[in-house]
Amino acid sequence: MTKIVCVAIAYLLGCISPSTIIGKIYGVDIKKEGSGNAGTTNALRVLGKKAALITLVIDIFKGVAAVLIGTYFGDKEAGMLCAVAVFCGHLWPVFYRFKGGKGVATAFGVLTTVYPPLGLSLLAVVGILTVISKRMSVGSMGGALLFTPICLMLYPAFLYYGMVMAAIIIIKHRTNIMRLIHGEEPPMSIFVGKEKENHGSK
């Protein structure tokens with residue numbers, strides 16, 4: 001019973017959508033602007049750096065809090081179940097007609113709390129690929145694809161839970177995959193700004 005309650009709380013935590021809330025404060029429907037995704041990258045594109053930072057911090061903290069709740073009130077297995085539950089809540093929030101984000105920031109919070117070296121290693125992968133490609137979608141999918149071998153090396157206990165999350169992240173990026181194939185995936189706005197600065201200084 002304790003595990004069920006913890007999982008339910010974790011799911012509801014995941015349903016909190018900071019980008020959607022901030023968008024409403026700004027008078028903007030984040031799901032109808034930019035990419036239509038209720039996550040950090042679209043918040044940066046549509047609402048600006050401050051909103052994106054708040055969105056990122058809250059989305060990460062949701063994952064951290066969910067795992068801690070499950071582990072504290074249950075056990076390690078409950079913590080892992082809560083990890084998946086908060087991730088699903090972010091993707092399919094009951095408060096917003098089951099239309100949420102892609103779960104990358106929340107997954108990072110989860111992985112870093114479950115086993116810090118695992119989360120930090122995948123963060124490094126995502127960061128490197130994002131900088132090289134100038135596209136968060138490439139970094140996110142690269143991290144998801146490399147999750148399995150990295151998890152096997154560092155923390156096999158979370159393998160199956162994480163594989164489900166990694167597969168969902170890739171599926172949620174299917175529109176990004178199509179845009180990448182057709183050369184239509186836009187770079188992150190922070191890189192666009194740098195490119196403009198570099199071009200102007202020449």
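Modeller: Before we start, a pocket here is an open set of grid points with protein on both sides within 12 Å along at least five of seven lines. And keep in mind that this is a predicted model.

Biologist: Okay, how much space lies in the largest pocket?

Modeller: The lining of that pocket runs to 47 residues. The space in the largest pocket comes to about 1,000 Å³.

Biologist: Which residues are the closest to the centre of the largest pocket?

Modeller: Several helices feed this lining with at least two residues each, including helix 3 (40-47), helix 6 (104-114) and helix 8 (136-145). Of the 47 lining residues, the closest to the centre are Thr41, Val104, Ala105, Met136 and Ser140.

Biologist: And by class, how many residues of that lining are nonpolar, polar and charged?

Modeller: Tyr and Cys go with the nonpolar ones in this count, and Gly with the polar ones. On that basis, the lining of the largest pocket has 23 nonpolar, 17 polar and 7 charged residues.

Biologist: What about the second largest pocket: which helix gives the largest share of its lining?

Modeller: About 250 Å³ of space lies in that one. Its lining has 13 residues, with Ser35, Asn37, Lys102, Lys172 and Thr175 the closest to the centre. By class they split into 1 nonpolar, 6 polar and 6 charged. The largest share, 3 residues, is from helix 11.

Biologist: Back to helix 8, is it mostly covered or mostly open, and which of its residues are buried?

Modeller: Buried means under 20% relative accessible area, and 7 of the 10 residues in helix 8 pass that test, so the helix is mostly covered. Among the elements covering those buried residues are helix 6, helix 7, helix 9 (147-154), helix 10 and helix 11. The buried ones are Ser137, Gly139, Ser140, Met141, Gly142, Gly143 and Ala144.

Biologist: Now the cysteines. Why is Cys82 not bonded to Cys6?

Modeller: A disulfide is a covalent bond between the sulfur atoms of two cysteines. The cut-off for calling one is a sulfur pair within 2.5 Å. Cys6 is the closest cysteine to Cys82 by sulfur, but that is too far for a bond, because the separation is 5.1 Å.

Biologist: How many disulfides does the structure hold, then?

Modeller: Cys6 is in no disulfide, the nearest cysteine sulfur being that of Cys82. The number for the structure is 0.

Biologist: Are Cys6 and Cys82 buried or exposed?

Modeller: The limit for buried is under 20% relative accessible area. Cys6 has 4% relative accessibility, and Cys82 has 0%. Therefore each of them counts as buried.

Notes:
Residues numbered from 1 in each chain as written. Predicted model: local features only at pLDDT ≥ 70, side-chain atom pairs only at ≥ 80, totals over all residues. Heavy atoms only, no water. Buried < 20%, exposed > 50% of the residue type's maximum accessible area, 1.4 Å probe, protein only. 1 Å grid on protein atoms, 1.4 Å probe; cavity = no way out; pocket = protein on both sides within 12 Å on 5 of 7 lines; lining within 4 Å. Points joined across faces, edges and corners; volume = space filled by probe spheres on them. Helix = DSSP H or I, 4+ residues; strand = E, 2+ residues; numbered from the N terminus. Contact = heavy atoms within 4.5 Å.
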